[in-house]
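User: I am new to this structure. Please show me how to read a pocket and a domain interface.

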Amino acid sequence: MTSTLRRIIDCFSDCSGCKTCKGNARQDMLNMNQDTNCAPMLTQGVRLHIQDRYVVMDNGIVQVSLSKPGGIVTGIRYNGIDNLLEVRNKETNRGYWDLHWNEIGGKGIFDVIQGTSYRVIVENEEQVEISFTRTWNHSLEGKYIPLNIDKRFIMLRGSSGFYSYAIYEHFREWPGFKLGETRITFKLRKDNLIQLWTKLSSIPLAYPEAVLLVNPLDQRLTGEVDDKYQYSCENKDLRVHGWICFDPPVGFWQITPSDEFRSGGPLKQNLSSHVGPTTLAMFLSSHYAGKFMVPQFEAGEPWKKVFGPIFMYFNSAAYGNDPLLLWEDAKIKMMVEVQSWPYSFPASEDFPKSEQRGNANGRILIQDRYISNDCVTASGAYVGLAPPGDAGSWQMESKNYQFWTQANENAFFSIRNIRPGDYNLYAWVPGFIGDYRHEAVITIISGCNIEMGDVIYEPPRDGPTLWEIGIPDRSAAEFYVPDPDPKYINRLFVNHTDRFRQYGLWERYTELYPEGDLVYKIGVSDYRKDWFFAQVVRKIGDNAYQGTTWKIKFELDNVDRNGIYKLRVALASATLAELQVRVNDPNSNRPLFTTGLIGRDNAIARLGIHGIYKLYNVDIPGTRFVKGENTIFLKQPRCNSPFQGFMYDYIRLE
């Protein structure tokens with residue numbers, strides 16, 4: 001590979017005539033030169049070559065070399081390229097499973113998982129599956145995470161790629177631990193122009209992951225910011241991402257066909273790719289959630305989980321064809337993999353096949369007497385099965401499996417291919433605040449088809465709406481997102497729906513409000529223009545900041561002084577912040593309400609538009625209001641870092 005490798009990432013979930021290629025991609029690929037390996041028609045069976053230190057899977061399209069017994073991917077030969085992975089890296093730093101863990105109360109340890117034994121699980125012309133295991137015993141305490149780990153790799157006949165999955169198991173007799181992160185990492189070859197920047201050509205910014213490119217090898221990128229968090233994506237949309245090399249035209253893609261094994265549910269944000277060039281398959285992380293997302297396993301707590309399989313897909317095109325058609329083909333391939341889930345070919349009994357799983361169906365309705373006397377359909381609702389817990393607990397669930405779908409326009413939902421086990425049914429509905437949880441525990445057994453009928457969600461409501469700010473959708477994207485400072489721009493996100501992914505937007509608040517804070521007047525202000533997307537601190541000097549107090553001004557023609565008004569504050573994100581609410585008296589010693597210190601989402605620094613959803617319901621005695629103009633003060637006093645603050649989802653006074 002001798003030319004620029006281009007990162008391609010799309011938050012993308014539907015390509016049957018998709019919004020990107022509008023259904024034309026398949027025909028475009030068919031029109032490409034027949035040398036294209038996007039859908040090869042080869043008859044060679046799969047072969048397994050076992051050597052002293054390596055094992056090679058080969059189906060005539062792709063050759064994958066793995067260390068033996070370590071199970072590290074050391075080489076990927078494809079389309080005449082001897083190795084798609086970085087040959088200048090040590091073999092243990094090319095393609096690998098890794099994790100970050102710690103003993104309870106101990107320091108974090110990064111571990112590239114090396115197997116200690118190897119065996120062939122399946123070997124025939126249609127399929128090869130090989131296993132690399134590392135078993136734990138008490139002599140390894142403190143050195144390795146107390147898990148048995150079985151890494152699997154699969155190659156199929158005629159497939160332009162390979163699959164990988166792993167089984168993690170903790171026994172009751174073993175000590176406890178915390179598992180902060182686990183993933184698959186591939187570090188791609190960066191010959192000549194592929195490495196876009198080096199430490200000598202970039203300037204570090206507010207945190208190590210963000211750099212300003214001042215003299216990159218590709219001069220077109222001069223003056224841009226690169227930051228791996230710019231390419232984060234929600235689980236529900238993170239189906240395919242990867243890289244394209246233009247000479248020769250080759251694509252390297254990571255396809256995740258299901259979210260069932262990822263932590264945090266459909267809205268959890270994860271990393272995808274970053275400069276290196278590196279591509280990731282993230283299974284468990286605390287990004288955009290904080291330490292409370294990190295699962296802790298106690299001594300005496302048995303646990304087993306299957307992560308994956310995920311698919312590493314490679315495609316190529318003849319010279320003269322548009323290399324970006326490889327991206328269109330990758331999306332088509334992604335849809336094929338999604339529709340094939342759960343796969344029928346993994347050999348492990350811990351991965352249940354379709355006939356061993358169950359389904360749950362129903363319809364979700366909304367009952368809000370201030371909208372309608374009748375139930376209304378919750379079209380577009382997110383409905384899922386996750387381990388039993390409180391309403392909304394699925395956001396922080398990271399030990400087990402989750403299964404989600406979206407209700408159709410008539411509010412019917414069907415959750416398919418659920419692993420056997422006990423679950424609660426959870427839901428949230430765009431346009432409505434709060435979380436739904438069905439009280440009954442739902443037990444899934446092999447082959448079951450549970451009909452739940454109508455489930456009714458009553459969102460929090462004490463009275464009619466006096467006013468509201470924003471859209472209840474668990475995101476701050478509808479609010480004012482400023483243009484980035486011109487010296488920190490990434491042109492990828494100019495005029496992009498994810499314009500919030502630009503670096504340094506938090507600093508624009510001080511420029512817009514150098515002295516006084518934001519004032520929002522109900523009936524006059526427009527939240528799309530006048531409500532900054534994040535309540536951040538104000539910079540007042542070098543490494544010096546002050547808290548901010550936002551004001552909501554509104555008129556009341558009449559006041560029920562004997563009644564209780566309800567202020568609903570839905571937060572899309574919080575980072576080491578505190579929300580204090582005062583009414584008509586900004587100087588009162590004690591606020592009417594405070595959250596206390598909350599949140600470790602770090603979504604402001606990590607260029608997100610939401611983290612963990614939180615809903616606060618504040619009782620305001622009618623005696624606090626006056627006829628005429630009133631002001632609610634929202635104060636965030638914590639100011640030790642530029643990244644402390646909130647993102648609001650929605651505010652309503654009833």
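Analyst: We take the domains, then their interface, then one pocket. This is a predicted model: local features need pLDDT of at least 70, side-chain atom pairs count only at pLDDT 80 or more, and totals for chains, interfaces and linings use all residues. Residues are numbered from 1 along each chain as its sequence is written, and side-chain values use heavy atoms, without hydrogens and water.

User: Which domains does the chain have?

Analyst: Domain bounds come from an automatic or database domain assignment. Here it gives domain 1 (42-340), domain 2 (354-457) and domain 3 (467-653).

User: How is an interface sized, and how much area do domain 1 and domain 2 bury?

Analyst: Interface size is often given as the accessible area lost when the parts come together. The probe is 1.4 Å, and the loss is summed over both parts. Domain 1 and domain 2 bury about 1,500 Å² between them. Carbon and sulfur atoms hold 55% of it. In contact (heavy atoms within 4.5 Å) are 22 residues of domain 1 and 16 residues of domain 2.

User: How many salt bridges cross the interface of domain 1 and domain 2?

Analyst: A salt bridge puts a side-chain nitrogen of Lys or Arg within 4 Å of a carboxyl oxygen of Asp or Glu. The rule finds three across this interface.

User: What lines the second largest pocket, by residue class?

Analyst: Rolling a probe the size of a water molecule over the atoms shows where empty space is left. A pocket is an open set of points on a 1 Å grid over the protein atoms alone, where a 1.4 Å probe fits, with protein on both sides within 12 Å along at least five of seven lines; lining residues have an atom within 4 Å of a point. The lining divides into nine nonpolar (Ala, Val, Leu, Ile, Met, Phe, Trp, Tyr, Cys and Pro), seven charged (Asp, Glu, Lys and Arg) and ten polar residues (the others, Gly among them). Domain 1 and domain 2 each give at least three residues to this lining.

Key: Buried area is the accessible area (1.4 Å probe) that two parts lose on being put together, summed over both.
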